[in-house]
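Q: I'd like to learn how to read a few features in a structure like this one. Could you walk me through them?

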Amino acid sequence: MGDHHHGPAKGLSRWLFTTNHKDIGTMYLWFSFSMFMLGGTFAMIIRAELFQPGLQLVEPAFFNQMTTLHGLIMVFGAIMPSFVGLANWLIPMMIGAPDMALPRMNNWSFWILPPTFLLLASTLFMEGGAPAAGWTFYAPLSTTYAAPSVTFFIFSVHVLGLSSIMGSINIIATVMNMRAPGMTYMKMPLFVWTWLITAFLLVAVMPVLAGAVTMMLMDVHFGTSFFSAAGGGDPVLFQHVFWFFGHPEVYIIILPAFGVVSQIIPAFSRKPLFGYDSMVYATASIAFLSFIVWAHHMYTVGMPVAGELFFMYATMLIAVPTGVKVFNWVTTMWRGSLSFETPMLFCIGFLVLFTIGGFTGLMLAIAPSDFQYHDTYFVVAHFHYVMVAGAVFSMSAAIYFWLPKWCGRMYNETMGKTHFWISFIGFNLAFFPQHFVGLAGMPRRIPDYALQFTDFNMMSSIGAFIYGLSQVLFLYNVIATIVAGKPVSDPKVWDGAEGLEWTIPTPAPYHTFETPPKIDPAHAHS
Amino acid sequence: MCFEAKRLLKLALGPVLMLVSAVVLAYGPEVNQVNMAPGVTAVGERIYDLHMWILGVCTVIGVGVFGVMFYSIINHRKSKGAVASHFHESTKVEIAWTVIPFLILLVMAVPSTSTLLEVYNNDDAEMDILVTGFQWKWKYEYIDESGENVSFFSNLRTPQSEIHNADPKGEYYLLEVDEPMVIPVNTKVRFLITGNDVIHSWWVPDLAVKRDAIPGFINEAWTKVDTVGVYRGQCAELCGKDHGFMPIVVNVVSKEDYSQWLSGKQAEAAAIKELMAQTFTLDQQVERGKAVYERSCLACHGANGEGGVGKAIAGSAIVTGDINKHLDVGINGVPGTAMQAFGGQLNDVDMAAVITYQRNAFGNNMGDMVQPIDVYNHKKG
Ligand code: HEM
Ligand SMILES: [Cu+2]
Ligand SMILES: [Cu+2]
């Protein structure tokens with residue numbers, strides 16, 4: 001392993017062979033950002049086509065490939081890897097560990113991702129085009145009726161599942177074994193807690209997804225009929241299996257975001273998080289409940305009424321721990337000493353918009369009403385409020401918050417705030433009107449729509465372009481910071497920030513906590 | 001020529017159609033509608049009330065949460081000299097904000113449960129319609145105890161020229177079909193919903209009915225509409241390329257109009273049945289076939305068989321080749337192309353006529369013909 005006190009290796013081999021959690025974290029973050037741009041490009045194509053009624057730019061078949069790839073790339077390529085990147089950078093620094101527990105596996109779990117997404121994107125150029133059955137790829141549209149590229153899609157899902165499982169095992173092993181002496185579980189920063197729980201969710205449900213796509217593979221190539229009614233199979237089975245993975249998956253996406261927000265709001269309120277213990281318990285209950293609500297995505301498939309009732313009640317219950325979280329964040333701000341630097345702005349944006357997404361979630365949970373909402377733009381609005389304004393906003397907050405620590409340079413605050421406001425306005429312009437068209441009866445995943453929906457779709461497209469452009473500003477700001485930002489050297493970049501990562505020098509040296517720090521027993525969590 | 005005639009017809013029919021639509025209430029989304037429509041059924045109204053009520057509860061909670069938050073944002077800012085207090089952890093508060101939401105949810109669960117039970121109450125239906133989703137059209141089959149089922153396909157009527165922006169778009173762009181479902185008012189109608197190929201979902205917002213059409217399953221749903229009118233919906237489950245182009249139109253009419261419509265349909269079916277047994281002359285076939293061609297094939301194969309989306313019929317190797325091969329293309333289509341299987345859509349008489357017509361029109365002077373019995377035998381294999 002050589003001498004640990006050296007800096008990084010030089011050139012390409014540094015990145016190819018690195019086992020350093022900071023390098024790997026950096027690679028994850030850049031990779032996920034590039035996927036964010038790719039998925040974003042697809043979204044721009046979708047919104048450009050939907051700018052007016054009629055077909056202008058693309059044909060329906062290609063439109064479906066765009067929605068499918070957009071969803072898959074955003075979920076699996078942008079959001080999930082970005083939080084893994086954050087985990088890599090922060091978990092060792094937050095628990096006082098020198099690195100991740102399994103550094104070589106860490107290298108692998110990253111490096112199998114880029115080829116996988118290259119393969120997935122290359123399906124666009126294959127005969128019959130890319131997968132086009134939506135990111136939920138319901139059978140038999142995704143099996144018997146799919147283009148040949150579905151085989152490559154299945155392979156991609158297998159590999160990225162592998163990557164997620166390896167990443168999760170690494171996080172679990174690190175958190176369980178590498179905490180500095182005195183860092184008990186109930187002293188861990190909330191970001192570490194939410195990631196620990198997320199990692200367990202991932203290990204539990206990724207194999208289920210792998211099972212689903214394996215059955216698809218068998219149906220496509222080996223003559224089985226798991227999901228084909230003609231051969232005695234059951235298309236609804238696919239949906240049960242998919243959503244048994246899929247619902248926990250949405251919490252896999254949002255729990256680390258909860259963690260980020262729980263670190264940042266106290267820092268800029270200059271006040272400890274109101275209820276640390278209850279936040280931990282709320283996270284755990286959400287994770288538990290997320291396993292027993294999956295069929296709320298399937299209210300219209302014709303389940304027996306008892307099943308519908310069970311899933312409705314269970315889903316409604318999720319609102320309780322989710323509410324606990326929101327109340328906690330707001331109470332943390334109450335009578336604090338607030339300042340509104342960019343990370344805080346993004347957290348407040350998160351808080352407002354995620355709460356709106358939670359409300360629409362509660363509405364969707366009500367099975368009889370969901371007969372009217374299901375598979376309309378109302379659902380599209382709901383999940384963009386929780387995924388974009390939830391996960392992506394919190395990710396932006398995280399980058400602004402920790403970037404100065406990582407590279408020892410301060411970002412441009414004016415540009416950061418501008419990024420926030422343009423994002424906030426663009427996002428709402430893009431997605432708020434989608435509630436309206438959804439309620440008025442516009443189905444999702446259509447390339448063309450009735451004239452009555454025109455104005456709101458136009459608004460939505462303009463908002464989407466604005467939101468998309470604001471990300472270019474973000475990219476510029478980040479690069480400008482890394483290259484030429486104003487140097488900072490105070491270990492505690494933010495006066496209100498708490499936690500071990502703020503005790504090490506700024507910028508964070510290549511190796512940290514080679515000797516474990518001493519944890520002040522009186523000093524509770526973060 | 002032909003287009004000229006069509007335009008004239010449209011001009012003449014325009015005022016009539018407008019009059020008709022002013023009398024018959026037409027529903028569907030309104031321009032820039034922002035909320036769910038209460039609909040025209042008792043269940044729809046209950047769902048709408050539930051929706052409004054839960055939206056109201058959420059709004060009240062939202063105002064509370066955001067109120068507290070914005071109060072802090074305005075008054076507890078560092079720039080105003082606010083000093084952070086250090087209170088945290090209060091079991092009382094935390095129990096309160098766990099228990100109170102739980103109680104609110106309990107209250108919400110009551111009307112939700114009863115409405116759901118009502119949605120699921122499929123008993124005592126006065127009539128049944130089998131709804132089958134196809135890529136990309138709907139088939140409606142009126143189940144009749146005597147075995148004389150009436151069935152037909154319902155296709156998108158909006159022309160490609162409107163979709164591709166060559167012609168101005170009509171008022172019901174993408175929400176119009178060639179043949180709507182017709183049901184009587186104030187009658188409990190049960191829908192038996194299934195899919196032929198992939199999963200579709202039959203949704204009419206004004207009736208508050210949405211149910212997935214799944215191959216191998218028959219789902220049940222029902223409606224009882226209390227206002228005469230035309231109600232429009234769309235397929236709600238991604239079903240492939242033309243998912244956005246398979247609308248649903250339900251024409252709700254008085255009971256008298258309904259039985260008149262139904263007997264008309266039954267008479268039509270009986271007439272076809274009779275025709276099936278007959279043999280036709282070439283002239284008869286060509287005459288009927290021309291009408292069928294113009295209705296079902298012209299859009300893709302052109303008014304003069306010159307082709308377009310579809311291949312040219314004039315001089316086509318298939319059309320001027322083996323007659324069985326030609327018939328097979330008509331019945332089973334060409335998989336993977338826009339040439340669909342018309343075997344399930346055209347009755348045997350029309351199929352025989354249109355194939356015969358193609359072989360004897362546009363300069364294809366084959367002189368041979370297909371009889372309905374040939375179509376029947378071909379389908380049987
Ligand atoms: C209060 C918490 C939440 C509740 C009660 C809730 C409820 C629901 C329900 C019932 C649906 C199905 C709607 C339908 O298809 O008809 C749905 C869809 C969805 N939700 Fe949520 N949700 C909540 C939070 C979240 C979060 C935190 C995320 C992710 C970050 C999320 C992501 C999604 C996605 C992606 C879909 C759509 C999936 C698809 O069909 O493509 N939700 N939600
Ligand atoms: Cu869910
Ligand atoms: Cu469809």
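Q: Let's start with a cysteine: is C297(B) buried or exposed?
A: Buried means under 20% relative accessible area, exposed over 50%, and partly exposed in between, using a 1.4 Å probe and protein chains only. C297(B) comes out buried, at 12% relative accessible area. C58(B) is buried too, with 3%. Keep in mind that this is a predicted model, where local features need pLDDT of at least 70, side-chain atom pairs count only at pLDDT 80 or more, and totals for chains, interfaces and linings use all residues. Side-chain values use heavy atoms, with hydrogens and water left out, residues are numbered from 1 along each chain as its sequence is written, and chains are lettered from A and ligands numbered from 1 in the order in which they are written.

Q: How many disulfides does the structure hold?
A: A disulfide is a covalent bond between the sulfur atoms of two cysteines. Here the test is a pair of cysteine sulfur atoms within 2.5 Å. Over all chains, the structure holds zero disulfides.

Q: Which protein donors does the copper ion (ligand 3) have?
A: Donors are N, O and S atoms within 2.8 Å of the metal (3.2 Å for Na, K and Ca); water is not among the atoms, so sites may look incomplete. For the copper ion (ligand 3), they are C235(B) through SG, E237(B) through O, C239(B) through SG and H243(B) through ND1, at 2.1 to 2.5 Å. Along the sequence, that reads C-x1-E-x1-C-x3-H. Two of the donor residues are easy to place: C235(B) is buried at 1% relative accessible area, and E237(B) is buried at 3%.

Q: Why is the arrangement around the copper ion (ligand 3) irregular?
A: Four donors count as tetrahedral if all angles lie between 85 and 135 degrees; four count as square planar and six as octahedral if opposite donors are over 155 degrees apart and all others between 65 and 115; anything else is irregular. The angles here run from 83 to 131°, so the arrangement is irregular.

Q: Which residues coordinate the copper ion (ligand 2)?
A: Three histidines of chain A, at 1.8 to 2.0 Å: H247(A) by ND1, H296(A) by NE2 and H297(A) by NE2. Their spacing in sequence is H-x48-H-H. H247(A) lies in helix 8 (residues 235-269) of chain A and H296(A) in the loop between helix 9 (276-289) and helix 10 (305-333), so the pair ties together parts 49 residues apart in sequence. Helices here are DSSP runs of H or I, at least four residues, numbered from the N terminus. H247(A) is buried at 5% relative accessible area, and H296(A) at 13%. The copper ion (ligand 2) sits 4.6 Å from the iron atom of ligand 1.

Q: Where does helix 13 of chain A bend?
A: A bend is the angle between axes fitted to the seven residues ending at a residue and the seven starting there. Helix 13 (residues 377-407) of chain A bends by about 35° at F401(A), with a proline, P404(A), following within four residues. At the N-terminal end of helix 13, T376(A) acts as a cap, with a side-chain oxygen 3.0 Å from the backbone nitrogen of F378(A). After helix 13 comes G408(A), with a positive phi near 70°. Of the 31 residues in helix 13, 30 are buried, so the helix is largely enclosed by the rest of the structure.

Conventions: Helix = DSSP H or I, 4+ residues; strand = E, 2+ residues; numbered from the N terminus. Polar contact = N/O pair within 3.5 Å; in protein donor to acceptor, adjacent residues only side chain to side chain.
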